[in-house]
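Here's a small set of exercises on empty space and what fills it. Grab your viewer and work through them in order.

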Amino acid sequence: MKKDNAAANDTAVITGGARGIGRAITLALAAKGCDVVINYSGSKEAAEETAKECEALGVRAVTVQGNVASEEDCAKIVETAKKEFGKIDILVNNAGITRDGLLMTMSEEDFQAVLDVNLVGAFRMMKAAARMMIRARYGRIINISSVSGIMGNPGQTNYSASKAGIIGMTKSYAKEVAARGITVNAIAPGFVKTDMTDAMTEKAIETIKAEIPAARAGEPEDIANAAAFLASRDSGYITGQVLCVDGGMCM
Ligand code: NAI
């Protein structure tokens, strides 16, 4: 039975759901009773481990390898959800990469590669899932942006362009599907400790931390809690929004 205000029995697809923020979102949705489709690109073991943790919470979990930079793979991810669960209620576009460098020395290839995964990847996934969600007249789409897309960040012209693009795309698609029971929102995390930020120097981390009013780095669970709310029925009248989960960085 579908509970009115929860996501129990919903099916959620999470791209890059095996690690970091994606893993935390996957587990938060599983804890709410969602069956989950965990997409991964290279981390097979991490995906299987996350799936086991979800199953221990009493839901069904499947893993699916796929590169969101490929239209074919995005179709495969959506097909997996359709075959296993017959529907997609929740789509979380979390997969993301960085290829940082100053603009003057950044190759066009590094610029394009980041756009292709972070921005076009989310477009491909929304497009692949669109028919199913529109037919069901229900959907919750959550696109993971970044404070870099709002404030900019030196060394991240490619990344911040992709994350700002996510925001514009989120608002446009939100307007296209709002009357069909589908909400499309973005979350802009601040600084969160994951593999993505592991490569940063202590000095860079201290500089960023000094800009966080909450005076601490974010945990993947901070982002997951916000995603779980936007994925629920409680958030049905919220669409086209950007929720900064950043300890106050973006105020
Ligand atoms: P992460 O590097 O731990 O996770 C990224 C995930 O995306 C991994 O599971 C990876 O396998 C997957 N992925 C990468 N390329 C892929 C592709 N082509 N196809 C499918 N999956 C792919 O990093 P983190 O921090 O967990 O990042 C998750 C999201 O949060 C990203 O979109 C990132 O840009 C965003 N974000 C992270 C922040 C942070 O401080 N960690 C801050 C703001 C946004």
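Helices (H or I, at least four residues) and strands (E, at least two) are DSSP runs, numbered from the N terminus. This is a predicted model, so to speak with filters: local features need pLDDT of at least 70, side-chain atom pairs count only at pLDDT 80 or more, and totals for chains, interfaces and linings use all residues. Residues are numbered from 1 along each chain as its sequence is written, and side-chain values use heavy atoms, with hydrogens and water left out.

**Exercise 1. Work out which helix gives the largest share of the lining of the second largest pocket.**

Step 1: get the terms straight. On a 1 Å grid over the protein atoms alone, a pocket is an open set of points with protein on both sides within 12 Å along at least five of seven lines, while a cavity is a set where a 1.4 Å probe fits but cannot get out; lining residues have an atom within 4 Å of a point.

Step 2: list the lining. It consists of A75, V78, E79, K82, K127, A128, A130, R131, M132 and R135.

Step 3: assign elements. Helix 3 (71–85) and helix 4 each supply at least two of these residues, and helix 4 takes the largest share with six.

Step 4: check the chemistry. Ala, Val, Leu, Ile, Met, Phe, Trp, Tyr, Cys and Pro count as nonpolar, Asp, Glu, Lys and Arg as charged, and the others, Gly among them, as polar. That splits this lining into five nonpolar, no polar and five charged residues.

Step 5: add the volume, meaning the space filled by probe spheres set on the points, with grid points joined across faces, edges and corners. Here you get about 230 Å³.

**Exercise 2. Find where the ligand sits, and describe its shell.**

Step 1: apply the rule that a molecule sits in a pocket or cavity if more than half of its atoms lie within 2 Å of its grid points. The ligand passes for the largest pocket, which has a volume of about 1,200 Å³.

Step 2: look at that pocket's lining. There are 49 residues, with T98, Y159, T194, M196 and T197 nearest the centre; they divide into 21 nonpolar, 23 polar and five charged.

Step 3: collect the shell, taking residues with a heavy atom within 4 Å of the ligand. You should end up with 28, the closest being N67, N94, Y159, V192 and T194. Eleven are nonpolar, 14 polar and three charged, and helix 7 (195–198) contributes the largest share, three residues.

Step 4: hunt for polar contacts (pairs of N or O atoms within 3.5 Å). Ligand oxygen atoms lie 2.8 Å from an N or O atom in the side chain of R19, 3.3 Å from a polar backbone atom of G16 and 2.8 Å from a backbone N or O atom of V192.

Step 5: finish with cover. Using Shrake-Rupley accessible areas with a 1.4 Å probe, the protein covers 94% of the 820 Å² that the ligand has on its own.

**Exercise 3. How many cavities of 30 Å³ or more are there, and what lines the largest cavity?**

Step 1: count. The rule leaves one cavity, and the largest has a volume of about 60 Å³.

Step 2: read off the lining, which includes T15, V68, N93, K163 and I166. Helix 4 (108–136) gives the most, four residues.

Step 3: classify. The result is six nonpolar, four polar and one charged.

Terms used: Polar contact = N/O pair within 3.5 Å; in protein donor to acceptor, adjacent residues only side chain to side chain.
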